Amino acid sequence: MQLSYIVKDLVLKHTFTIAHQSRDIQDTVIVRLDDGEMYGYGETTTNPFYGMTAENITHCLEEAKDRVENGHWNSPEELWENTKEIFKTNPFAQCALDMAAWDLFTKRQGKKLYEYLRLDPKNTPTTNFTIGIDSIEKMVSKMKEVDWPIYKIKLGTDHDMEIIRELRKYTDSIFRIDANCAWTAEQSIRNSEELARLKVEFMEQPLPKDDLEGMKEVFKFSKLPVIADESCIIESDVRKCFGHFHGINVKLVKAGGITPGLRMLQEAKSLGMKTMVGCMTESSIGITAIAHIAPLLDYVDMDGAMLLAHDIATGVRITPDSITFPEGNGIGAELIG
């Protein structure tokens with residue numbers, strides 16, 4: 001077994017701004033596991049908000065290299081357990097390795113990942129397309145550029161409601177809004193009334209991640225469902241979100257990969273919560289991995305590769321009406337540049 005990795009720059013079509021950061025280029029780390037006959041790819045993007053850099057991600061992968069290459073593991077779950085102490089402070093690195101392990105493992109089984117998980121791709125929900133924070137004029141322009149049935153609108157400005165009112169004039173598509181922790185409980189409850197009239201489907205993470213008391217009030221009085229993102233990072237967070245959010249958005253890179261992500265989704269479903277998986281502006285490697293587990297979900301945000309000026313991989317092809325998986329087994333994505 002050989003573990004290798006490379007760092008790539010993903011250039012975005014437009015500056016991508018959310019409530020707490022803005023970027024034109026997204027660094028990503030691609031992991032490859034090669035057993036001499038087959039190989040698997042995994043991916044994680046960097047994120048300054050969470051302190052995850054290309055340097056500390058690759059350093060962590062280097063620390064795990066001997067255990068990966070020379071240790072005994074027969075499944076992604078076993079590898080995840082064998083290396084979890086190494087990755088306890090760097091779930092982003094753990095995600096890339098775990099994803100590569102799932103790709104290789106299911107290739108060895110002669111199955112696509114969704115086939116191994118006994119999922120039907122016909123049940124894949126339509127992804128939203130994200131509109132980052134910008135001037136209202138530019139946000140309208142971005143929306144017109146990509147005609148899509150569902151838009152996620154990033155908020156966290158001094159004129160959030162004005163943004164939604166203006167965007168609504170140009171489309172009847174479903175809106176979802178993501179305030180990325182920028183609102184108070186009072187704002188969220190008040191805004192939810194007008195957002196509901198403007199045909200917004202749900203609000204994602206309106207309050208700071210630790211304000212669970214405030215979320216109790218929002219959960220009780222909001223006119224819209226609320227979905228946890230920053231409040232639901234790791235497995236133990238799922239139960240904490242119960243009674244505070246109507247659903248959870250699992251980010252594989254933040255959770256530590258597909259292995260814990262599947263467990264989080266299962267627990268949320270057992271609690272009667274809605275489930276979603278979101279992306280972190282990955283290339284088609286990470287996005288294709290998300291697509292394979294998307295039939296499990298109520299909602300999905302896998303538009304990351306669509307936001308890139310140039311993709312570095314091939315993989316799942318997504319249109320408003322269909323999703324086409326790669327022909328190969330495993331995850332099936334291939335690095336091209």
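**Close-up views of a predicted model**

**View 1. The open sheet and its edges.** In this predicted model, an open sheet of 8 strands runs in the order 4-5-6-7-8-9-10-11 with parallel pairing, where strands are DSSP runs of E with at least two residues, numbered from the N terminus, and two strands pair if DSSP finds at least two bridges between them. Strand 4 (129-131) and strand 11 (299-301) are the edge strands, each of which pairs on one side only. On average, neighbouring strands of this sheet are turned by 25° against each other, direction ignored. Residues are numbered from 1 along each chain as its sequence is written.

**View 2. Strands 5 and 6 of the model.** Strand 5 (residues 150-154) pairs with strand 6 (residues 174-178) in the parallel sense over 5 bridges. Ile150 has Ile174 in strand 6 as its bridge partner. Strands of a sheet pair through backbone hydrogen bonds, either parallel or antiparallel.

**View 3. Helix 1 against helix 3.** Helix 1 (residues 54-70) packs with helix 3 (residues 91-108) at an angle of about 50°, their axes lying 9 Å apart; helices are DSSP runs of H or I with at least four residues, and axes are lines fitted to C-alpha atoms over the stretch in contact, with angles running from 0 to 180 degrees between N-to-C directions. The contact (heavy atoms within 4.5 Å) is made by Ile57, Cys60, Leu61 and Val68 of helix 1 together with Phe92, Ala93 and Leu97 of helix 3. Local features need pLDDT of at least 70, and side-chain atom pairs count only at pLDDT 80 or more, while side-chain values use heavy atoms, with hydrogens and water left out.
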